[in-house]
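Here is my note on the model you sent. Please read it with the structure open.

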Amino acid sequence: MKNFGKNLFIAFLMILAIYQTTKLWFDDLSSHNFFSFILQQNSGFMQAQLYGLDGVVINRGENTSAIIHRENVLDNEYRKEFDKLIAAAVNKGDIEIKKVDWPHIFNNRCAVYNFSQPIAAESFKKGLGIGSGKMNEIKMIDSVVIVPNTTENVLRTYIENDGETVCYVLKRTDITQKCADTIESFSETGSSCISSRASGFNIFSGNTFIPVVSGGINNINVTNPVTDGVMIDTDALENIANNFFDNPAVKWSSVVNGIYSYSDEYNVVKYSLNGVLEYSGYNFVDDGDEENPAGNYAAALEFLKKDKGIKNDIILSKVNLNKERSQFYFDYAVNGIPSFMSDEMKKGLGMHSAIEVTVSHGNVVKYKRYLCVMEQSHSKEEITGDFVKAIDNVYNSLESNEMLVDDIDLAYKINGRQNDVSVCWKITIDNKTFWEAA
C-alpha cells in the first residue's frame with residue numbers, strides 16, 4: 001500500500017509537470033508556479049490589480065493616433081491577455097540593452113501600460129505572476145511597452161523607469177502573433193491620443209499621451225442620488241448605507257445636526273448635507289506585518305464593489321503609501337473622460353478626490369465618497385481649442401515659461417450638482433493644476 005501511494009503521488013506530479021509544461025509553451029501565458037496553477041483551476045485567471053495604472057494605450061502602427069483605454073478600476077478584464085503576454089516575455093525572454101525609441105515604436109504595433117504614478121516592481125511582478133528571480137534590475141515602473149515584430153517573430157517588452165530601461169526579448173512565433181492579433185482586435189472604445197515624444201514635442205517632462213479629438217464631446221449632468229438639494233430621500237440613502245453592513249437589520253440610525261448616521265458594533269456610516277458619505281471601520285487587527293501596497297489596493301477595490309451606489313466608472317488618481325497605511329484617491333469618469341473636483345469644491349468638502357480609501361494591513365479603516373451620478377446631457381460641445389494654445393495660455397499666466405508640462409488631459413471640472421458641464425483641458429505644471437477651455 002505504501003508503494004501504491006508513492007506511485008500514485010509520483011504519477012500526480014508527472015501529470016502536473018506535463019500540464020504546466022503544455023500550458024507554459026502554448027495557450028496559457030500566465031504564472032507557472034504550483035500555487036498559481038491551483039488558483040487558476042479553482043477560480044480562473046486572477047486579474048492583476050496594478051495601483052498607479054492610468055490606462056493602456058493601443059497603437060496599430062503606421063504612425064497614426066493611438067487609442068487610450070482608461071483603467072476603470074472595477075473592470076480591468078480588457079487587459080487580461082496583455083498581462084499574460086508581458087509575464088511570458090519577462091519569464092522566458094532574454095535581456096537586451098535597448099532604450100524605447102518612441103518615434104520608431106509608434107510607427108509599429110504596440111501596447112503601452114501608462115502609469116500616472118510609479119508602481120513597485122515587486123508588486124507588478126506578483127500581480128502578473130512573474131518569477132521572483134526575474135526583473136530585479138529595476139525597482140519602480142512607470143511604463144511598460146510591448147512590441148510584436150511578426151517579421152522577425154520577436155516580442156520585445158520594455159520596462160521603464162526614470163533613466164532606466166530593461167528590454168526583454170522573446171523569440172516565439174506563436175506568442176508574437178498572439179500579441180499582434182490582440183492589438184489588432186482590441187476594441188476602439190476609448191479616446192484617441194498621440195505620444196509627445198513620438199511627435200517631437202519637447203515641452204513635456206516625460207512621454208505624455210495627449211488626447212486628440214475631432215468633432216464634439218457630450219456635456220454631462222451631475223446629480224445627487226439622495227437629494228434634489230431640498231429634501232433628503234432617506235430610503236435611497238439607507239439603501240446605500242446598508243451595503244457597508246454584514247447584517248443591516250441590526251444597525252441603528254440617528255440624525256443629529258443634519259448628519260445622518262448608521263452604526264453597528266464595528267462600523268459607522270455618516271452622510272452630511274454637503275453630499276459626502278463617510279465610513280469608518282473599527283474591527284481592525286494589526287497582524288504586525290509590513291504594509292503590502294498591492295494587498296491594500298486589492299482590499300480597497302473589494303470595498304468599492306460593496307458600494308452599490310456607484311454608477312460611473314472609477315479611475316485611480318493618486319496613491320499615498322507609508323509604513324502605517326495606504327491611501328488611494330479615485331475619481332469618476334464618463335465614457336473614458338475623467339472628472340475632477342474644482343479646488344474650491346475640494347476645500348469645501350475637505351477632500352482631494354471624489355473617493356478616498358484608507359487601508360491598513362488589508363483593512364479599510366476610512367472611506368469617503370462624494371455622492372453623485374454623472375450622465376451625458378443632450379448638448380455637445382465642439383472642441384475648438386488645441387492643446388498647444390491651451391498650454392501657451394497657461395505659460396502666459398506664469399512668471400516663467402521654462403518649466404516643463406507634467407501632464408495634460410481632457411477632463412470635466414465639477415463644482416457639485418450642475419447641468420451641462422463641458423470638457424476642458426487639465427494641465428499640470430510643477431504640481432499645480434490649470435484649467436483651459438477646450
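**Notes on the predicted model**

1. Contacts of Gln49. Beyond its neighbours within four places in sequence, Gln49 is in contact with Asn76, Arg79, Tyr297, Ala298 and Leu301. Bear in mind throughout that the model is predicted. Gln49 sits in the loop that runs between helix H2 (34-43) and strand E1 (53-60).

2. Gln49 in more detail. The side chains of Gln49 and Asn76 are joined by a polar contact of 3.0 Å. The link to Tyr297 spans 248 residues in sequence, yet the C-alpha atoms of Gln49 and Tyr297 lie 7.3 Å apart in space. Is Gln49 buried or exposed, or partly exposed? Its relative accessibility is 22%, so Gln49 counts as partly exposed. The cut-off for buried is under 20%.

3. Strand E1 and its partners. After the loop of Gln49 comes E1. E1 pairs with strand E4 (residues 109-120) in the antiparallel sense, over seven bridges. Arg60 has Arg109 as its bridge partner in E4. E4 also pairs with strand E5 (residues 140-149), again antiparallel, over six bridges. Here Val112 stands opposite Val145 in E5.

4. The three-stranded sheet. What is the strand order in the open sheet of three strands? The order is E20-E10-E22, and the pairing is antiparallel. Strand E20 (373-382) and strand E22 (418-421) are the edge strands, and each pairs on one side only. From one strand to the next, the twist averages 20°. Two bridges join strand E10 (residues 216-223) to E22. Val222 stands opposite Gln418 in E22.

5. Helix H7. Which residues of helix H7 (residues 234-242) are buried? They are Ala236, Leu237, Ile240, Ala241 and Asn242. These buried residues pack against four elements that are worth displaying together: strand E12 (259-263), strand E13 (267-271), strand E14 (276-281) and strand E19 (363-370). At the start of H7, look at Asp233. One of its side-chain oxygens reaches to within 3.3 Å of the backbone nitrogen of Asp235.

6. The nonpolar cores. The largest nonpolar core has 106 residues. The residues with the most contacts inside this core are Phe124, Met135, Leu304, Phe330, Ile355 and Tyr367. Take Phe124. Leaving aside neighbours within four places in sequence, Phe124 is in contact with Leu50, Ile86, Phe115, Ile119, Ile130, Met135, Ile141 and Val144. Another core lies apart from the largest one. It has 18 residues, including Ala66, Val100, Cys110 and Cys167.

7. Cysteines. How many disulfides does the structure hold? Zero. Cys193 is in no disulfide, and the nearest cysteine sulfur, that of Cys110, is 9.8 Å away. A disulfide needs the two sulfur atoms within 2.5 Å, so a pair at that distance does not qualify. Why does Cys193 count as buried? Because its relative accessibility is 1%. Cys372 also has 1% relative accessibility, so Cys372 counts as buried.

Note on methods: Residues are numbered from 1 along each chain as its sequence is written. This is a predicted model: local features need pLDDT of at least 70, side-chain atom pairs count only at pLDDT 80 or more; totals for chains, interfaces and linings use all residues. Side-chain values use heavy atoms; hydrogens and water are left out. Buried means under 20% relative accessible area, exposed over 50%, partly exposed in between (1.4 Å probe, protein chains only). Contact means heavy atoms within 4.5 Å. A polar contact is a pair of N or O atoms within 3.5 Å; within protein, one must be able to donate a hydrogen and the other to accept it, and residues adjacent in sequence count only if both atoms are side-chain atoms. Two strands pair if DSSP finds at least two bridges between them. Axes are lines fitted to C-alpha atoms, for helices over the stretch in contact, and angles run from 0 to 180 degrees between N-to-C directions. A nonpolar core is a set of buried Ala, Val, Leu, Ile, Met, Phe, Trp, Tyr and Cys residues joined through side-chain atoms within 4.5 Å.
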